[in-house]
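Let's take a friendly walk through a protein together. Have the sequence and the 3D view ready, and follow along as we go.

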Amino acid sequence: MSGAQKDLAIEVKNLTNAFGSHVVHQHLDLDVYRGEVLGLVGGSGTGKSVLMNTILGLREPQGGSIHVLGQDTRNEKGRRGLESHWGVLFQNGALFSSLTVKENVQLPLREHTHLPEKLISELADMRIMLAGLEPEAGHKKPSELSGGMLKRAALARALALDPELLFLDEPTSGLDPISAAAFDELITQLQSTLDLTVFMITHDLDSLYAICDRVAVLADKRVEVVAPLDEVLKSEHPWIQAYFHGKRGRSSAVGA
Ligand SMILES: Nc1ncnc2c1ncn2[C@@H]1O[C@H](COP(=O)(O)OP(=O)(O)O)[C@@H](O)[C@H]1O
Ligand SMILES: [Mg+2]
């Protein structure tokens, strides 16, 4: 994979993000290759979610350029064109609580396609299955689901439009270690079956070890390192040293 020109799914160049005088990102560059699982780590409040939202075109940065699948997400038309090519699992899940799981999964299909009702229903059932839920779960409201099932339901909705790209913001935080490991396994399976590119923010070291092809470290307002995990571990950056070498031996998968 090294050397030769690789297909870029996401290209972030010289990004600046600030809230008033609080600069979150500066001179931030990041490339995500098609077909890889990229894990993004960084201390709390370093701007991981802000970076994801900016890539998704939900936030206007102060400077820099962002291209996803070759389209500029700062451009309204470019972003709209991409909405059916990516699936997103936000940090707080955000399923509509008044709708059943299946109705939640059907929403993007209704919004972005003109498929007949029967097909929308069948596709939603299929996504629910793909996300590892029993069909009955489709008839439940989010409040009736366990934490792990909620994440899967949100994943089913993210997969609704058969996306090329999957964005996950801390998908296993709040899950017990067994549910978290099962979720990681599901992501790995989906990635290879559906040929997805996955951009995953995580605090979960087990996830990084288990499923990420490369790990990007957000520190000092930029992506300090992006490399396979064994290379990242060699970095002498103090945060990386403290994070990986301080906790490496732990077996818990609970988000920090
Ligand atoms: N809408 C906002 N207004 C002001 N500050 C914000 C806003 N969103 C995020 N921030 C600030 O940006 C920084 C990065 O936030 P965030 O991306 O959520 O961090 P994390 O890496 O934990 O996901 C934090 O200091 C946060 O307070
Ligand atoms: Mg966050």
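**A walk from one threonine to the domain contact**

Thr-172 sits in the loop between strand 7 and helix 6. Keep in mind as you look that this is a predicted model.

Is Thr-172 buried or exposed? Its relative accessibility is 2%, and buried means under 20%, so Thr-172 counts as buried. What, then, does Thr-172 touch? Leaving aside its neighbours within four places in sequence, Thr-172 is in contact with Ala-180, Phe-183, Asp-184, Thr-202, Asp-204 and Ser-207. One of these partners, Asp-204, deserves a second look: its side chain makes a polar contact with the side chain of Thr-172, at 3.0 Å.

Now step back to the whole protein. The domain assignment divides it into domain 1, made of 1-85 + 165-249, and domain 2, which covers 94-162. Where the two meet, domain 1 brings 15 residues to the contact and domain 2 brings 11 residues. If you mark the C-alpha centre of each domain, you will find the centres of domain 1 and domain 2 25 Å apart.

What kind of contact is this? Domain 1 and domain 2 bury about 1100 Å² between them, and 74% of that area is on carbon and sulfur atoms. Between domain 1 and domain 2 there are 0 salt bridges. The count of residue pairs in polar contact, with both at pLDDT 80 or more, is also 0 for these two domains.

Which elements give two or more residues to the side of domain 1 that touches domain 2? They are strand 7 (165-169) and helix 6 (177-194), the two elements that you met on either side of the loop with Thr-172. Helix 6 gives the most to this side of domain 1, with 6 residues. Sorted by type, the residues on the side of domain 1 that touches domain 2 come to 11 nonpolar, 2 polar and 2 charged.

For a last stop, find another threonine, Thr-100. Thr-100 lies in the loop between strand 6 (86-89) and helix 3 (101-112). Is Thr-100 buried or exposed? With a relative accessible area of 14%, Thr-100 falls under 20%, so this residue is buried too. Not counting residues up to four places away in sequence, Thr-100 touches Gly-138, His-139, Lys-140 and Lys-141. Try finding these four residues in the 3D view, and then return to Thr-172 and its polar contact with Asp-204.

Definitions and conventions:
Residues numbered from 1 in each chain as written. Chains lettered and ligands numbered in written order. Predicted model: local features only at pLDDT ≥ 70, side-chain atom pairs only at ≥ 80, totals over all residues. Heavy atoms only, no water. Domains from an automatic or database assignment. Contact = heavy atoms within 4.5 Å. Buried area = accessible area lost by both parts, 1.4 Å probe. Salt bridge = Lys/Arg side-chain N within 4 Å of Asp/Glu carboxyl O. Polar contact = N/O pair within 3.5 Å; in protein donor to acceptor, adjacent residues only side chain to side chain. Helix = DSSP H or I, 4+ residues; strand = E, 2+ residues; numbered from the N terminus. Nonpolar A, V, L, I, M, F, W, Y, C, P; charged D, E, K, R; others polar. Buried < 20%, exposed > 50% of the residue type's maximum accessible area, 1.4 Å probe, protein only.
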